[in-house]
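Me: I should like to go through this model step by step, with short reasoning for each point. Please begin once the structure is displayed.

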Amino acid sequence: MDSSPYSFQRIDSMNKSSNSSQNVNPSASSKAARNRMKAARRRDTAPEMALRAALHRRGLRYRVDVSPIKGLRRRADVVFRTVKVAVYVDGCFWHGCPIHGTWPKANAEFWRQKIEHNKKRDADTNRLLKEAGWEVVRVWEHEDPEDAAERISNIIRSKHDQKTV
Ligand SMILES: [Zn+2]
């Protein structure tokens, strides 16, 4: 049995991570770059925590930060194994959100490649999981967590219905 559906250990990282994706400091390029690298690997971000809490309130249980497919290094933020649904919470900066995605002027080429690489990887992950019979749900960090949880909850419910028929 899982000890807790979500942990609050890293809640201290919430302050640091909030809004960092939208503020680009053109002067501190290499330091900013390092910080962004760290941010890219960070888990338990504020938007993830909010979504997980909203899912939990809907009575849904899930695994956190695990790879849906063994041997495939594509960890999803929230995983519903029995119905094969994987949820990714995508940061607006890192994944090039159409609304909030920014293209920094300093080191423009570096960031452009980085973001394009992430987007390609996302598309690739979607494809690989779909091929393995998974449904991938992508949530932007700017999305209302309640709306996203409702969307996911409906998908989970319909998968359960399909299974019991
Ligand atoms: Zn956004």
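Me: Which residue just after H3 takes a positive phi?

Reply: The model is a predicted one. Helix H3 covers residues 46-57, and the loop between H3 and strand E1 (63-66) holds the glycine in question. Its phi is about 80 degrees, and the residue is Gly 59.

Me: Is Gly 59 buried or exposed?

Reply: A residue counts as exposed if 12 or fewer other C-beta atoms lie within 10 Å of its own. Gly 59 has 7 C-beta neighbours inside 10 Å, and therefore its class is exposed.

Me: How many Å separate the C-alpha atoms of Gly 59 and Ser 153?

Reply: Along the chain, Gly 59 and Ser 153 are 94 residues apart. In the model, the separation of their C-alpha atoms is 9.3 Å.

Me: What pattern does the chain follow, read along the sequence?

Reply: The chain contains five helices and four strands. Taken in sequence order, these elements give α-α-α-β-β-β-α-β-α.

Me: Which element of the chain has the lowest mean pLDDT?

Reply: The chain averages a pLDDT of 81, and 73% of the residues score at least 70. Over residues 1-28, however, pLDDT stays under 50. Where pLDDT is low, the predicted coordinates should not be read in detail. At the upper end, strand E4 (residues 135-140) has the highest mean pLDDT, 98, whereas the lowest, 37, belongs to helix H1 (residues 13-17).

Me: How far apart are the end C-alpha atoms of helix H4?

Reply: Helix H4 comprises 24 residues, 108-131. At 1.5 Å a residue, H4 should span 34 Å, and the model agrees because its end C-alpha atoms are 34 Å apart.

Me: Which residues of H4 are buried, and which strands are included in what covers them?

Reply: The buried residues of H4 are Trp 111, Thr 125 and Leu 129. An α-helix has 3.6 residues a turn, so residues three or four places apart point the same way. The cover over the buried residues of H4 includes strands E3 (85-90) and E4.

Me: How many of the six residues of E3 are buried?

Reply: On one side of E3, Val 85, Val 87 and Val 89 are buried. On the other side, Ala 86, Tyr 88 and Asp 90 are buried, and both faces are thus covered. E3 is largely enclosed by the rest of the structure, because the number of its residues that are buried is six of the six.

Me: Which residue of E3 is the bridge partner of Val 79?

Reply: Strand E2 (residues 76-80) runs antiparallel to E3, and three bridges join them. The hairpin of E2 and E3 has four residues between the strands, and in it Lys 84 takes a positive phi near 55 degrees. The bridge partner of Val 79 in E3 is Ala 86.

Me: What is the handedness of the β-α-β crossover from E3 to E4?

Reply: E3 and E4 pair in the parallel sense over six bridges. Within this pairing, Val 87 has Val 137 of E4 as its bridge partner. The chain passes from E3 through H4 to E4, and the crossover is right-handed.

Me: Which residue that follows H4 has a positive phi?

Reply: H4 ends at residue 131, and strand E4 covers residues 135-140. The residue with a positive phi, near 85 degrees, is Gly 133.

Methods:
Residues are numbered from 1 along each chain as its sequence is written. This is a predicted model: local features need pLDDT of at least 70, side-chain atom pairs count only at pLDDT 80 or more; totals for chains, interfaces and linings use all residues. Helices (H or I, at least four residues) and strands (E, at least two) are DSSP runs, numbered from the N terminus. pLDDT is the predictor's confidence in each residue, from 0 to 100. Two residues are in contact if their C-beta atoms, placed from the backbone, lie within 7 Å. The expected span of a helix is 1.5 Å times one less than its number of residues. A residue is buried if 20 or more other C-beta atoms lie within 10 Å of its own, exposed if 12 or fewer, and partly exposed in between; C-beta atoms are placed from the backbone. Two strands pair if DSSP finds at least two bridges between them. A crossover is right-handed if, with the strands pointing away from the viewer, the path from the first strand over the helix to the second runs clockwise.
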